[in-house]
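Biologist: I should like to learn how to read internal cavities and the faces of a helix in a model of this kind. Could we take the structure itself as the example?

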Amino acid sequence: MNLEELKSFYPELNPLIQARLEKRVKMEGMGLRLYPYKFEKNTSAREIQERFANQGHELSDEVVRIAGRLMLVREHGKASFAHIKDGTGSIQVYAKLDNLGEARYGLWKELDVGDIIGIRGRVFRTKRGELTVSIDEFEILCKSLRPLPEKYHGIKDIELRYRKRYLDLIMNPEAQRIFTLRSKIVSEIRRELEGQGFLEVETPVLQSVASGAAARPFITHHNYLDQDFYLRIAHELHLKRLIVGGFEKVFEIGKAFRNEDVDAQHNPEYTLLELYWAYVDYNDIMGLTENLVHKVALNVLGKEVIEYQGKTIDLRPPWKRISFLDALKNEGIKIDVDKITKEEAYKIGESVGAEIKPDFPTGKILVKIFEKVCEEKLTGPVHIYDYPVEVCPLTKPHRSNPGLAERFESYIAGMEVANAYSELNDPAYQRKMFMAQLEERKRGEAEIYDYDEDFCEALDYGMPPTGGLGIGIDRIVMILTNAPSIKEVILFPTVSATQK
RNA sequence: GGGCCUGUAGCUCAGCUAGGUAGAGCAAUCGGCUCUUAACCGAUGGGUCAAGGGUUCGAAUCCCUUCAGGCCCGCCA
């Protein structure tokens, strides 16, 4: 391709890109193919580091073929060093006029940092002790046309790191570490649940009723059906339909979408694990939760006690269990949930500075008080159990205390990471709870558990007693990778479409 | 939705308090260097100071608006 045509693709041409375009034209003019189809590798950077750990200063007999991105070039006239980075790590390579000859060494010197090359060479150790591949032959596998960020500082600009995550991954080993761990964590969760006989299923993202949680949904439109659909805000109600259908242990790991603000713990689309287990209650789910998180930490990190943002967190089961009311009592707030009036609750709420309105149901006020005075202090891991019944429309009422419901939330480092119930399976009571939610909507609440009559109909047929669990995968990954923000553990976090 | 902070070369950052010719390092280009490793040495080029408006003889700098992002609060159970 000629230079003018190439340049026409780059309306915001800067001198660095222009230089590379010119280089490309020059190389293609020499008959080089800059975008060949494949390269036969026979090893990787990490494998070389491992297998040649005892290599001395002499060249190996074995010939290695590696490929990767050219980083950190240090030219010395008639010889030069560089690092090649591949999917496993990086390795130093050594190009020498004596080995390559005038023409090839000339081409070597034309390479840019960022180019992807394939190398055939032999391994040796330099005088300074670094394991190095001495290049016998190399070829360009992909010409890079944009300069990479600064080699030492990498990219620091948080916005750039999120918008152009590939640069973050190229430049920052920490990003590589986090996302590699994320994959391992998710796959370990799957392995563990499958080992316990859970079946992984997929349920719809496009739903005509967005329920199962209280959050504002995204709305989209189906042209053929000429109907609006919601993106799911939870997996819950479809998974419970599967329990009605006779499955006894199911789980789903998938995106949920909530049309809410973005902050360090919230991304509009996030990965939610939900599981349902027939014939057990929330006590069994507590055990499952702590064993799952503990086992994942142990198998992925090799640790049971971890550091998160300066806090030491011991994940070994059993986790501490504190009732919702005791958690309040520990902060000096004693409540008799059967006797307290809304006015009394409101007064306490005001005195601790909770964000409440007088027409909130009493239970909701209590939860706001809890979130204000207790949540942050729950370094955990800890299960907080038995919540006020009004905030648990999908939960069985407590077997011995009518003001409460059999729900628990697990907290680690002050973050809610799990939410679980003895699932409500009485269809009449379920309808009553949904109606109460609609009443709240009438009072102006935007976020409520929407009434799903089709789900209630499923319950009419009969769902066995069931324990259910939701775990925010992103938050678990944050904790296990010591990441301060949810955006650090989501490859492409939600950002405004405006280009920077 | 409220408060605070940030935006200067491809990247990392100075310069802004107190208005007066736009700076450094890396990267690039040219030259030198056959065991370097953030290689080194010499030279050169590179800017809509986020955008728009205002104040001023003069604005990267002061003021206003907008855009993008971060932190905290609210909301997201």
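Biologist: How many cavities of 30 Å³ or more does the structure hold?

Modeller: As a general idea, rolling a probe the size of a water molecule over the atoms shows where empty space is left. This is a predicted model, and the structure holds two cavities of 30 Å³ or more.

Biologist: Which residues line the largest cavity, and what is their character?

Modeller: The largest cavity contains about 50 Å³ of space. Its lining is formed by Q207, V209, S211, A234, H235, E236, L237, H238, R241 and D452. By class, three of the lining residues are nonpolar, four are polar and three are charged. Helix α8 (residues 236–244) contributes the most to this lining, with four residues.

Biologist: What lines the second largest cavity?

Modeller: The second largest cavity, with a volume of about 40 Å³, is lined by I189, L273, L292, V293, V296, I471 and I476. That lining has seven nonpolar residues, no polar and no charged ones. Helix α9 (residues 282–301) supplies the largest share, three residues.

Biologist: Let us turn to helices. What end-to-end distance should helix α13 span?

Modeller: Helix α13 (residues 427–442) has 16 residues, which at 1.5 Å a residue should span 22 Å. The C-alpha atoms at its ends are 23 Å apart, in agreement with that expectation.

Biologist: Which residues of α13 are buried, and which are exposed on the other side?

Modeller: The general idea is that an α-helix has 3.6 residues a turn, so residues three or four places apart point the same way. In α13, the buried residues are Q430, M433, F434, Q437 and E440. They lie on the same side of α13 because they cover an arc of only 105 degrees around the axis. On the other side of α13, A428, K432 and K442 are exposed.

Biologist: What covers the buried residues of α13?

Modeller: The cover includes α8, α12 (362–373) and α14 (453–461). Helix α8 thus appears in both parts of our discussion: it covers buried residues of α13, and it gives the most to the lining of the largest cavity.

Biologist: How should I place these details within the whole of chain A?

Modeller: Chain A has 15 helices and 18 strands, and its C-alpha atoms fill a box of roughly 90 × 55 × 50 Å along the principal axes. Of its 500 residues, 50% count as buried. Among contacts between residues at least 6 apart in sequence, 64% join residues at least 24 apart.

How values were computed. Residues numbered from 1 in each chain as written. Chains lettered and ligands numbered in written order. Predicted model: local features only at pLDDT ≥ 70, side-chain atom pairs only at ≥ 80, totals over all residues. Heavy atoms only, no water. 1 Å grid on protein atoms, 1.4 Å probe; cavity = no way out; pocket = protein on both sides within 12 Å on 5 of 7 lines; lining within 4 Å. Points joined across faces, edges and corners; volume = space filled by probe spheres on them. Helix = DSSP H or I, 4+ residues; strand = E, 2+ residues; numbered from the N terminus. Nonpolar A, V, L, I, M, F, W, Y, C, P; charged D, E, K, R; others polar. Expected span 1.5 Å × (residues − 1). Buried < 20%, exposed > 50% of the residue type's maximum accessible area, 1.4 Å probe, protein only. Arc of directions from axis to C-beta. Contact = heavy atoms within 4.5 Å.
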